[in-house]
Amino acid sequence: MKPFVSVILPVYNQEHYLAETVESILAQTYRDFELIIQDDGSTDRSAQIIAQYAAKDNRIKPYYEQNAGKSEATNSIVAKAEGELCAFLDADDIMLPDRLKQQVALHKSNPAIDASSSHCYYINENGNQFGTQRYPYFKTVEECNAARINKEWVTCSFTALMVSKKAFLSSGGLRKQFEPCEDFEFMNRLVDQKYTLIINPVVLMKYRIHPGSVTVRKPFLIYDTISYTKHCIQLRRNGQPEISFKDFMKIQEGHSWWFKFNRKRFNYSRILFRSAGFAILSKNYLSFAWQIATSLILSPNYVFKKVNNFSKK
């Protein structure tokens with residue numbers, strides 16, 4: 001008998017966290033699932049860890065491929081999935097015990113929902129909790145439809161995402177050209193194609209922030225790619241063809257030195273503001289003080305806007 005849920009787990013060099021991630025999946029109170037793990041050409045012990053778990057639990061289906069990147073690995077796993085619903089997570093994050101149970105109940109009681117996500121706890125490399133990642137919107141189908149009509153940006157936690165296999169494949173899956181912001185592009189494309197996304201306002205995941213995270217290692221790449229991704233989404237929404245990242249960066253380089261200076265100043269402010277947020281959640285008050293002060297000096301409008309948004313939540 002086919003499982004109702006397929007847990008989608010692409011893995012690349014996550015030997016330090018993989019066992020804890022797998023254990024959190026196997027400990028789910030909802031049991032009707034398969035766990036498809038695909039090692040994406042890891043050079044550490046990830047493949048061996050996967051094999052050890054697969055030998056213990058027949059719900060685990062392991063695959064070992066050459067490195068192709070997260071998008072292609074994820075798409076490959078979904079194509080193999082037997083479940084009607086696919087639950088995604090990253091190989092360094094942790095499911096809370098009732099995640100699958102709560103999401104399956106939400107989907108079964110609301111057939112109009114194609115995808116759902118949730119809030120997440122922030123944890124560090126040692127698994128210590130230091131805050132909560134919240135997405136205070138898209139609580140109803142009507143809110144999702146309104147966002148699509150108004151051409152708003154769609155953001156949710158991909159590591160807490162559950163989506164029907166049919167919707168994922170029909171919408172085109174993840175696209176490598178937008179990595180490491182492929183999740184943001186996918187969620188906006190999904191909603192633009194009139195699929196419904198709901199964010200359940202409960203915490204169902206632990207999202208790990210650690211020195212190896214791409215958001216920590218390459219913040220400027222994140223901001224360049226998110227700008228490129230937004231540009232392509234806007235082009236699509238206006239009925240125009242997408243452009244390549246290389247062509248997008250040529251456009252950016254063609255701006256005046258003053259435009260480029262302001263862009264870099266703004267991005268530094270965003271990086272420091274985000275780091276200050278993690279510092280205050282970690283009770284590192286000295287680090288918070290200099291980071292928030294520097295962020296404020298670089299872009300006071302950005303900081304005041306973010307603080308105002310937080311105060312409304």
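These legends accompany four close-up views of a predicted model.

**View 1. Helices H1 and H2 pack against each other at an angle of about 25°.** Helix H1 covers residues 18–26 and helix H2 covers residues 46–56, and their axes are 10 Å apart. Because an angle under 35 degrees counts as roughly parallel, H1 is described as roughly parallel to H2, and H1 passes H2 in a right-handed crossing. On the H1 side the contact is made by Leu-18, Ala-19, Val-22, Glu-23 and Leu-26, which meet Ser-46, Ile-49, Ile-50 and Tyr-53 of H2. Sorted by character, the residues of this contact comprise seven nonpolar, one polar and one charged.

**View 2. Ala-87 is a buried residue in strand E4.** The strand spans residues 85–88, and the relative accessible area of Ala-87 is 0%. Apart from neighbours within four places in sequence, Ala-87 is in contact with Val-5, Ser-6, Val-7, Ile-8, Arg-99, Leu-100, Leu-161 and Met-162. One of these partners, Leu-161, is 74 residues away from Ala-87 in sequence, yet the two C-alpha atoms are 6.0 Å apart in space.

**View 3. Lys-61 and Glu-82 form a salt bridge.** The closest N and O atoms of this pair are 3.5 Å apart. Lys-61 belongs to strand E3 (residues 60–65), while Glu-82 sits in the loop between helix H3 (70–80) and E4, so the salt bridge ties together parts that are 21 residues apart in sequence. Lys-61 is partly exposed, with a relative accessible area of 26%, and Glu-82 is also partly exposed, with a value of 37%. In the structure as a whole there are twelve salt bridges.

**View 4. Arg-175, Glu-185, Arg-189, Arg-236 and Glu-242 are linked in a network of salt bridges.** Within this network, Glu-185 pairs with Arg-175, the closest N and O atoms being 3.8 Å apart. Glu-185 lies in helix H7 (residues 182–192) and Arg-175 in the loop between helix H6 (165–171) and H7, so this pair ties together parts that are ten residues apart in sequence. Glu-185 is buried, with a relative accessible area of 0%, whereas Arg-175 is partly exposed, with a relative accessible area of 23%. Another salt bridge joins the side chains of Arg-236 and Glu-242, at 2.7 Å from N to O. Arg-236 is partly exposed at 26% relative accessible area, and Glu-242 is partly exposed at 25%.

Key. Residues numbered from 1 in each chain as written. Predicted model: local features only at pLDDT ≥ 70, side-chain atom pairs only at ≥ 80, totals over all residues. Heavy atoms only, no water. Axes fitted to C-alpha atoms, helices over the stretch in contact; angles between N-to-C directions. Helix = DSSP H or I, 4+ residues; strand = E, 2+ residues; numbered from the N terminus. Parallel < 35°, antiparallel > 145°, perpendicular 65-115°, else oblique. Left-handed = near helix turned anticlockwise from the far one by under 90°. Contact = heavy atoms within 4.5 Å. Nonpolar A, V, L, I, M, F, W, Y, C, P; charged D, E, K, R; others polar. Buried < 20%, exposed > 50% of the residue type's maximum accessible area, 1.4 Å probe, protein only. Salt bridge = Lys/Arg side-chain N within 4 Å of Asp/Glu carboxyl O.
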